[in-house]
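What follows is a walk through one protein model, from a single loop position out to the whole chain and back to a few chosen residues. Please keep the sequence and the view at hand while reading.

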Amino acid sequence: KDGRIFLDEYQVSMDELEDHLKRLVAGQKKQLFLRADKEVPYGTVVQVMGEIKAAGIDKLGIVAEEPRDRNRK
């Protein structure tokens with residue numbers, strides 16, 4: 001929610017994201033999973049998704065949290 005971007009536990013800037021993705025993920029033909037805080041503006045998430053696509057990564061998964069059921073015990 002504070003605008004920071006991480007690849008695993010390493011923080012990267014939006015400007016560096018594509019290069020890091022190309023170096024770390026694209027050449028390995030692995031799937032990438034994207035997780036964003038619910039308070040991150042949608043436009044920022046879309047921008048990150050664009051950087052992922054620009055890096056040549058076609059396999060993108062979205063990590064979502066299960067909704068809380070407050071009636072469960």
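Ala36 sits in the loop that joins β3 to α2. This is a predicted model, and the positions discussed here are read from it. Ala36 counts as partly exposed because its relative accessibility is 40%, and partly exposed stands for values between the 20% limit for buried and the 50% limit for exposed. In sequence, Ala36 and Ile62 are 26 residues apart, and their C-alpha atoms are separated by 8.8 Å.

With that starting point in place, the overall plan can be laid out. The protein has two helices and four strands. Followed along the sequence, these elements come in the order β-β-α-β-α-β. The C-alpha trace spans about 45 × 25 × 20 Å along its principal axes. Of the 73 residues in the protein, 25% are buried. The exposed area is about 6400 Å², and 47% of this area is supplied by carbon and sulfur atoms.

The charged side chains can be counted as well. There are 14 positive and 14 negative side chains in the protein, and 7 Å lies between the centres of the two sets.

The contacts show how parts of the chain come together. Among contacts in the protein with a separation of 6 or more, 67% are between residues 24 or more positions apart. The interior gives a further view. The largest nonpolar core holds 14 residues, and Ile5, Leu17, Leu21, Leu32, Val48, Ile52 and Ile57 are those with the most contacts inside it. At least two residues of this core come from each of β1, α1, β3 (32–34) and α2 (42–54).

One of these core residues, Ile52, is worth following. Ile52 belongs to helix α2. It counts as buried because its relative accessible area is 3%, and buried means under 20%. Setting aside neighbours within four places in sequence, Ile52 is in contact with Leu21, Leu32, Ile57 and Leu60. Leu21, Leu32 and Ile57 are also listed among the core residues with the most contacts. Between the C-alpha atoms of Ile52 and Val25 the distance is 9.7 Å, with their positions 27 residues apart in sequence.

Helix α1 comes next, and it covers residues 14–24. His20 is part of this helix. The side chains of His20 and Arg23 make a polar contact at 2.6 Å. When neighbours within four places in sequence are left aside, His20 is in contact with Leu7, Val12 and Val25. Leu24 is also placed in helix α1. What does a relative accessibility of 38% make Leu24? Leu24 counts as partly exposed because 38% falls between the two limits. Leu24 and Met49 are 25 residues apart in sequence, and their C-alpha atoms are 16 Å apart in space.

After α1 the chain enters the loop that leads to β3, and Gln31 is found in this loop. Gln31 counts as partly exposed because its relative accessibility is 41%. The C-alpha atoms of Gln31 and Asp58 are separated by 7.7 Å, while the two residues are 27 apart along the chain. Leaving aside neighbours within four places in sequence, Gln31 is in contact with Lys59, Leu60 and Gly61. Leu60 is named among the contacts of Ile52 too.

The last stop is the loop between β1 (5–7) and β2 (10–12), where Asp8 is placed. Is Asp8 buried or exposed? Asp8 counts as exposed because its relative accessibility is 71%, and exposed means over 50%. The backbone of Asp8 has a further feature: its phi is near 55°, a positive value in a residue other than glycine.

Key. Residues are numbered from 1 along each chain as its sequence is written. This is a predicted model: local features need pLDDT of at least 70, side-chain atom pairs count only at pLDDT 80 or more; totals for chains, interfaces and linings use all residues. Side-chain values use heavy atoms; hydrogens and water are left out. Buried means under 20% relative accessible area, exposed over 50%, partly exposed in between (1.4 Å probe, protein chains only). A polar contact is a pair of N or O atoms within 3.5 Å; within protein, one must be able to donate a hydrogen and the other to accept it, and residues adjacent in sequence count only if both atoms are side-chain atoms. Contact means heavy atoms within 4.5 Å. Accessible areas come from the Shrake-Rupley method with a 1.4 Å probe; for residues, only the protein chains shown count as cover. Lys and Arg count as positive and Asp and Glu as negative; His and the chain ends are not counted. The place of a charge is taken as NZ of Lys, CZ of Arg, CG of Asp or CD of Glu. A nonpolar core is a set of buried Ala, Val, Leu, Ile, Met, Phe, Trp, Tyr and Cys residues joined through side-chain atoms within 4.5 Å.
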